[in-house]
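Let's take a walk through a protein together. Have the picture ready, and we'll go one stop at a time.

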Amino acid sequence: MDTNLPVSANPRVVIIGCGFGGLRLAQSLRNAPVQVVVVDRNNYHNFQPLLYQVATGALEAGSIAYPIRKIFAGRKNFYYRMADVQRVDPASNTVVTSVGNIRYDYLVLATGSLTNFFGLESIERNAMQIKSIPNALNLRSFIFQNFEKALLMENPNERQALMNIVVVGGGPTGVEISGSLAEMRKHVLPKDYPELDLRSMQIFLVEAGPALLGPMSEASQSDAKRYLDELGVKVMLNTSIKNFENCRAYYSDTEYIPTENLVWAAGVNGAEVPGLPAEVVTRNKRVTVNRWNQVEGHANIFAIGDLANMVTEDMPRGMPMLAPVAQQQADQLGENLMRLLRGETPKDFVYKNKGSMAIVSRNKAVVDLPGNVHFNGILGWATWLFVHLMTLVGFRNKVVAFVDWAFSYFSTDQALRLIIRPFSRRDMKDDKGKKRDEHRTSTPEYNPTPPAIQAEAESRA
Ligand SMILES: Cc1cc2nc3c(=O)[nH]c(=O)nc-3n(C[C@H](O)[C@H](O)[C@H](O)COP(=O)(O)OP(=O)(O)OC[C@H]3O[C@@H](n4cnc5c(N)ncnc54)[C@H](O)[C@@H]3O)c2cc1C
């Protein structure tokens, strides 16, 4: 297959991935004397921080995605190819893709990250993840499908397992999704399922560490925990889920939570592209780069964003996997590519931390700003909404998200609960596109998950 890219007198910059980093870099090269080729397996840019809202029916998928071709419409030096990049061949300056080979003068890897299951096979096979729009839509369908099934169940143990939801990972994604599910339990599910006793539905947030929101301030950590407690989410700290099969999420060899619904938000690895030497790929599959985002030992290959492992004195474990890091590295790399073309020395990347935040539910969010500034509650919530609205790509998406949020706020309802994409675990595919086994539902013995779990976990800390 030929990728039909025109020959240009200008050097060609190939960018793999049009997420936060790749999109920003392609935009920053708008007036540069280069031909830009963007390759992404999806024909849209995905705003991942709002995926959990798609999963819980608060936002339509279309309002957090934007077509790549529309972003760059009318631009002369820009080409997009929808393809899966399979391998890089640095010796011939070529990337091998599902639609043919593409030659590059400069290559930028901006492939982001993939869910890390830490080698726990039963979890990888059976858990839901939330890294992409299809993942979020599957999760949304799966929860509502299980409620439909719960209605038909005579066995109370099976009914309970269908209704319980376990979220693993107490970072921003885990906190946000469990808060949102708790709101759904309070406002949406009782209206839709009056025949079910929603008081018995339990939402667990399980975190291996001693606190939620690990990298945030202690004030944010304790505020988030308090908000979740108030919403009735059972937070289990210092606890790890090690196995998930037959509707049981095991947190020790014998103790488990009965559930059909396990959402894994416990970590990510770099989305490595094969072909680079093993010594530049770290244990969590990030690619080692210098302060110019140049891949070690490769003058014309760069990596940015989640994939890039840039170690600095103040960040000895590498830059955090956050959207602003990807965007700031893209801005700096855009400038540095121009410097390299002019024969000048590139500038070192310096991360400007503008703060972090997490939303728990309506009127409840936590925000940390540089200089130890912390705020919470309705001010934090309004800040979170404003920042996310402003950073969504596309005017229409901003308007649609604003209208959906306003509707949910005033009606305490979420409009989006159609099961238009019925999901079965048989449909699950692993990263290589192979279908996974179906998770077997069998009648679990009911373990009413003693309220002492948390006290016990805390005493183990
Ligand atoms: C649920 C969730 C919530 C988050 N919340 C926040 C938040 O609140 N704040 C924050 O700052 N960060 C948040 N993050 C992290 C943030 O989204 C990432 O740090 C950011 O997306 C990284 O940008 P990136 O450009 O490196 O990769 P991405 O944005 O992930 O983009 C990677 C792109 O590469 C494409 N791709 C990957 N491999 C290939 C291949 N082999 N071939 C072709 N295309 C490929 C993908 O399709 C994708 O479009 C969240 C992430 C998730 C999953």
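We'll visit the ligand and its surroundings, then a small group of strands.

Before we start, this is a predicted model: local features need pLDDT of at least 70, side-chain atom pairs count only at pLDDT 80 or more, and totals for chains, interfaces and linings use all residues. Residues are numbered from 1 along each chain as its sequence is written, and side-chain values use heavy atoms, leaving out hydrogens and water.

Now find the ligand. It has 26 residues around it, where being near means having a heavy atom within 4 Å. Gly21, Asp40, Gln48, Val85 and Asp306 come nearest. As for polar contacts with the ligand (pairs of N or O atoms within 3.5 Å), the side chain of glutamine 48 has an N or O atom 2.7 Å from a ligand oxygen. Leucine 322 puts a backbone N or O atom 3.3 Å from an oxygen of the ligand. How much of the ligand does the protein bury? Taken alone the ligand exposes 1,000 Å², and 89% of that is buried by the protein (areas by the Shrake-Rupley method with a 1.4 Å probe).

Next, look for the open sheet, where three strands line up in the order S6-S7-S8 with antiparallel pairing. Strands here are DSSP runs (E) of at least two residues, numbered from the N terminus, and two of them pair if DSSP finds at least two bridges between them. S6 (85-89) and S8 (100-103) each have a single partner strand, so one side of each lacks a neighbour in the sheet. Between S7 (residues 94-97) and S8 there are four bridges; in one of them, valine 95 partners isoleucine 102 of S8.

Key
Polar contact = N/O pair within 3.5 Å; in protein donor to acceptor, adjacent residues only side chain to side chain.
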